[in-house]
Amino acid sequence: MVKSSIALLSLAASGTIATSSNTRRQAEQGLNAAAKAFGKLYFGSATDNNELTDSEYVAILSDSNEFGQITPGNSMKWDTIEPSRGTFNYANGDVIADLAEKNGQLLRCHTLVWYNQLPSWVTNGGFDNATLIEILQNHITEEVTHYKGKCYAWDVVNEAISDDSGAPLRDNIFLSTIGEAYIPIAFAAAAAADPDAKLYYND
């Protein structure tokens, strides 16, 4: 593919990879095939449900020679999955999970705990420490259990590090109510729900 060739030859020009007839052949095979030939696990892409209405886009995204992994951009975030307390909606996330499975692509699930895209019932609920821990654990347990066996990996905690050099962690409802312990609590809940998934901090 022309775009794949341009991308890889641009990397070669920058010194990231060496140019050769082998490199050109890998570029023609696709980005994922080329990445794997260089010892990488995959070359992946993030996507959102609104993009899946474009059939040409979906055809390219579904080409495992180009993309060996998919990450849902927004469909697994808290405001989509649990818009009201105890009410879970997996419809949008399932669409992307099913697409990855159909294509034989890895699914990196994203994300369980983030300061952004939280429903107001979480941010404005006025919960005490014990109650918010229970809510956090329940949300993670329910979501990870739903996708157990489908997610190669989870971004468990997202962007917890502060942009302000004066504070190590970003101020959010979890930090202000639970404290720093919300991070290991989140990882422990995810690990218990799916021991086989790789767990990451994402920033």
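This passage looks at helix 8 of the protein chain, at glutamate 143 within it, and at the packing against helix 10.

The model is predicted, so to speak, by computation: local features need pLDDT of at least 70, side-chain atom pairs count only at pLDDT 80 or more, and totals for chains, interfaces and linings use all residues. Residues are numbered from 1 along each chain as its sequence is written, and side-chain values use heavy atoms, with hydrogens and water left out.

The chain holds 10 helices and 5 strands, taken as DSSP runs (H or I of at least four residues for helices, E of at least two for strands) and numbered from the N terminus. Of its 203 residues, 45% are buried, meaning under 20% relative accessible area with a 1.4 Å probe, protein chains only.

Glutamate 143 lies in helix 8, residues 129–146. Glutamate 143 is buried without a salt bridge, that is, a side-chain nitrogen of Lys or Arg within 4 Å of a carboxyl oxygen of Asp or Glu. Its nearest side chain of opposite charge (Lys and Arg positive, Asp and Glu negative, His and chain ends not counted) is lysine 77, 11 Å away. Beyond four places in sequence, glutamate 143 is in contact (heavy atoms within 4.5 Å) with Met76, Ile81, Tyr90, Leu112 and Trp154.

Helix 8 also packs with helix 10, residues 182–193, at about 35°, the axes being 8 Å apart; axes are lines fitted to C-alpha atoms over the stretch in contact, and angles run from 0 to 180 degrees between N-to-C directions. Residues of helix 8 including Ile133, Leu136 and Ile140 meet helix 10 residues, among them Tyr182, Ile185 and Ala189.

Methods:
Buried means under 20% relative accessible area, exposed over 50%, partly exposed in between (1.4 Å probe, protein chains only).
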